[in-house]
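Work through the following exercises with the model open beside you, and try each task before reading its solution.

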Amino acid sequence: MKRLDLLILKSFIGPFILTTFVATFILLTQYMLKYFDDFVGKDLEPSVFAELILYFSINIMPDAIPLAILLSSLMTFGKLGEHFELTAIKSAGISLIRVLMPIGIFVSLVAVGVFFFINNVVPAANLKAYTLLYDIKNQKPALDIRAGQFYNGIEGYSIKAKEKYPDNRTLKDVIIYDHTAEKSNYRNTGNLTVIVADSAIMHTVYNDRYLKLELYKGNYYKEQRKGKVSQDLNSQYVRSNFDQMEMMFSLASFDFRESDVGIFQNNGKMKNMEELSSGIDSLNLLMEQRYQQLKLNILSKHPYHLSTERKEIQEAIRKPKSKDIRNIQRK
């Protein structure tokens, strides 16, 4: 019988491992497609995607294991039946229930392991995964200035180019609206500084930390106001010509930043059973306090029927874990 059990287990474990990876891959692909739009154009490092895939694989694995058990069981006993091994086993006087016993024991052990896996590993993986996904969603798209469209990815500036050459560096008929001064000094003032150039060339410098824009043959327009009113009669208009001018833009806002995992710790998916039980107790305690506080507020306006309970309720609010709350609720 031990040899028979080993034969069945060996026939089962191989397909079980294979179908676990296949089911995890299929569910992971379906899960990742929901967030595909959040990944496009972000210019993220491959390590970020690898980390996210790892965390989501851990999250999905408890759902994939039951499917793997079903598929591997069908494959195992289908193969045994195809080669008439089940017929030989039954002819030897061994019942089908006895044949299923080694797989049943193995699946029970897997179920216990999955329980501890879900309780201890999955919440930590969920916390990391959703924090990383939040960072990806808030990541700005990569620098991509397109022809005929205003680009507002650089904070405080709006850039438009009529044409963009195939080298992805040279721009034609460039207009730049500088909003940095008006945001800090004025309110609802519109465009005070405008730069118009015949052409421009883009460079990234200092390890892609800054964008250097070389402007050629253009004009620099600026409206100088003495007051902070949107319509200032004492405004001065300045215009200057240039053959070449350089502008530097910080690209620090495009850097990928990791948020603190603490912002998602109160979510139910990030807690194990012990933490959920503690959270339920805290919520019940808070509900009791709010209920007694509401009852006390009602007493202040309608003191005729419940006036004898005022002192008990006040004492229960101060000591919410005491027996006073349960006694008052029974009333």
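**Exercise 1. Pairing in the sheet**

Find in which sense strand 2 and strand 3 pair, and over how many bridges.

Solution. Step one is to locate the two elements in this predicted model: strand 2 covers residues 157-164 and strand 3 covers residues 170-178, where a strand is a DSSP run of E with at least two residues, a helix is a run of H or I with at least four residues, and both are numbered from the N terminus. Step two is to read the pairing, which is antiparallel and extends over seven bridges; two strands pair if DSSP finds at least two bridges between them. Step three is to check one position, where Tyr 157 stands opposite Asp 178 in strand 3. Step four is to place this pair in its sheet, an open sheet of six strands with the order 1-2-3-4-5-6 and antiparallel pairing. The edges of that sheet are strand 1 (150-151) and strand 6, each of which pairs on one side only.

A word on conventions: residues are numbered from 1 along each chain as its sequence is written, and side-chain values use heavy atoms, with hydrogens and water left out. Because this is a predicted model, local features need pLDDT of at least 70 and side-chain atom pairs count only at pLDDT 80 or more, while totals for chains, interfaces and linings use all residues.

**Exercise 2. A network of charged side chains**

Determine which residues are linked with Lys 212 in a network of salt bridges.

Solution. Begin with the criterion: a salt bridge is a side-chain nitrogen of Lys or Arg within 4 Å of a carboxyl oxygen of Asp or Glu. The side chains of Lys 212 and Glu 214 fulfil it, with an N to O distance of 3.7 Å. Lys 212 also forms a salt bridge with Glu 246, and here the closest N and O atoms are 3.6 Å apart. This second pair links distant parts of the chain, since Lys 212 lies in strand 5 (residues 210-224) and Glu 246 in strand 6 (residues 236-250), 34 residues apart. Taken together, Lys 212, Glu 214 and Glu 246 are linked in a network of salt bridges.

The two acidic partners can then be sorted by accessibility, where buried means under 20% relative accessible area, exposed means over 50%, and partly exposed lies in between (1.4 Å probe, protein chains only). Glu 214 has a relative accessible area of 12% and is therefore buried, whereas Glu 246, at 46%, counts as partly exposed.

**Exercise 3. A salt bridge between two helices**

Explain which parts of the chain are tied together by the pair of Arg 98 and Asp 5.

Solution. First, the whole structure holds four salt bridges, and one of them joins the side chains of Arg 98 and Asp 5 at 3.2 Å, N to O. Next, Arg 98 lies in helix 5 and Asp 5 in helix 1 (residues 2-33), so the pair ties together parts that are 93 residues apart in sequence. Finally, Arg 98 counts as partly exposed because its relative accessibility is 22%, while Asp 5, at 18%, counts as buried.

**Exercise 4. Aromatic rings**

Decide how the rings of Phe 16 and Phe 106 are arranged: stacked, edge-to-face or tilted?

Solution. Rings of Phe, Tyr and Trp (its six-membered ring) pair if their centres lie within 6.5 Å; planes under 30 degrees apart count as stacked, over 60 as edge-to-face and the rest as tilted. The structure holds eight aromatic pairs. In the pair of Phe 16 and Phe 106 the centres are 5.8 Å apart and the planes stand at 90 degrees, so the pair is edge-to-face. Phe 16 is in helix 1 and Phe 106 in helix 5, 90 residues apart. Phe 16 is buried, with a relative accessible area of 10%, and Phe 106 is partly exposed, with 21%. The rings of Phe 56 and Tyr 130 are also edge-to-face, because their centres lie 6.2 Å apart and their planes stand at 80 degrees. This pair links helix 3 (residues 46-82), which holds Phe 56, to helix 5, which holds Tyr 130, across 74 residues. Phe 56 is buried, with a relative accessible area of 0%, and Tyr 130, at 15%, also counts as buried.
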